[in-house]
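Reader: I would like a close look at a single part of this model. Please keep it brisk.

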Amino acid sequence: MTITDPTAWPMPTSLPKELGKAAAVYAAAGIPVFPCAPGQKRPLTAHGFHDATTDPTQIDAWWGRYPEANIGIPTGVMVEVLDVDVHATGTGYPVLRTLQQEGLISGWGQAVRSPSGGLHLYYPADPDVARGSWSGGRAHVDFRGTGGFIIAPPSTITTTRGDRRYETIARGRNPRPLDADAIRELLTPQPERILRPAGSAALRERPVEQLAAWVAALPEGNRNAGLFWAASRLAEAGLPEPDTFGVLEPAATAAGLEPREITATIRSAHRTTRAADVPDDPVVAQGVRSLSGLGR
């Protein structure tokens, strides 16, 4: 399903700054809403997003009682959202870049900057396919579908730097549903593939940027093994050890590994990779040279 008529995209193109009036505009466009605590994401209704409605009388009552309430929108009903987080422990933007290169995020209807500096990409929900919400873990990219909700513009979140607003920063063309299953598959490491020896062909199939994003998404229990596997593949392809650090160190940090673990694992991978094992493969070598500055 592709929305070729921009007027069919359900999200309003403009919103008043007053939260109660903005909630009414969403409802008039057919988007159910519910109130959340001022400056927070906590629902104020008894059943959370399950209480969302487009009934103007109920909306007037809610925001009459809580005029500063944030606006919650249940996802999986009219819209779905790809949520790119920014935390002290990492950011989802490197993974988003990989998803873009893989052609997996096109078709968004609007882009919203979150108070943390993250990004919400809104897509129309597919009425024929119900996709549940899921978390990308240390990849810092989450999907908000059935069973989830999002805080919508012009809501604000109270931070240590003051109140920060959700702000629509761009509108897309020809919105269409997101293939969230393909994204989740890309972000889900396969342990049997991590530990299986692989030659240079694996690197050709898994470009360096994708390899870094894959390391960033490694779950606890597979992180050291996955980093060792990735570092070995780069060493086999002829990438010098300092450049391997440049590619994989930021990704391994995002995955949650400590600096000492990262250093020991990458050095071990290079020590155990013999020069005789390096393939004479110009395709792989050129790919490594062209991307050897990644992460510096």
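What covers the buried residues of helix 3?

Author: Some ground rules come first. This is a predicted model, where local features need pLDDT of at least 70, side-chain atom pairs count only at pLDDT 80 or more, and totals for chains, interfaces and linings use all residues. Residues are numbered from 1 along each chain as its sequence is written, and side-chain values use heavy atoms, with hydrogens and water left out.

Now the helix. Helices (H or I, at least four residues) and strands (E, at least two) are DSSP runs, numbered from the N terminus. Helix 3 spans residues 93-101. Its buried residues are Val-95, Leu-96, Thr-98 and Leu-99. Buried means under 20% relative accessible area with a 1.4 Å probe, protein chains only. These residues sit on the same side of helix 3, because they cover an arc of only 160 degrees around the axis. That arc is taken from the directions from the helix axis to the C-beta atoms.

The cover includes strand 3, strand 7, strand 8, helix 4 (180-187) and helix 7 (208-216). Contact here means heavy atoms within 4.5 Å. Helix 3 lies across the three strands just named, at about 125 degrees to strand 3. Axes are lines fitted to C-alpha atoms, for helices over the stretch in contact, and angles run from 0 to 180 degrees between N-to-C directions.

Next, the sheet. It is open, with five strands in the order 8-3-7-6-12 and antiparallel pairing. Pairing takes at least two DSSP bridges. Strand 8 (141-144) and strand 12 (167-171) are the edges. Six bridges join strand 3 (residues 79-84) to strand 7 (residues 119-124). One of the bridge pairs is Val-79 with Pro-124.

Finally, Gly-103 follows helix 3, with a positive phi near 75 degrees.

Key. Buried < 20%, exposed > 50% of the residue type's maximum accessible area, 1.4 Å probe, protein only.
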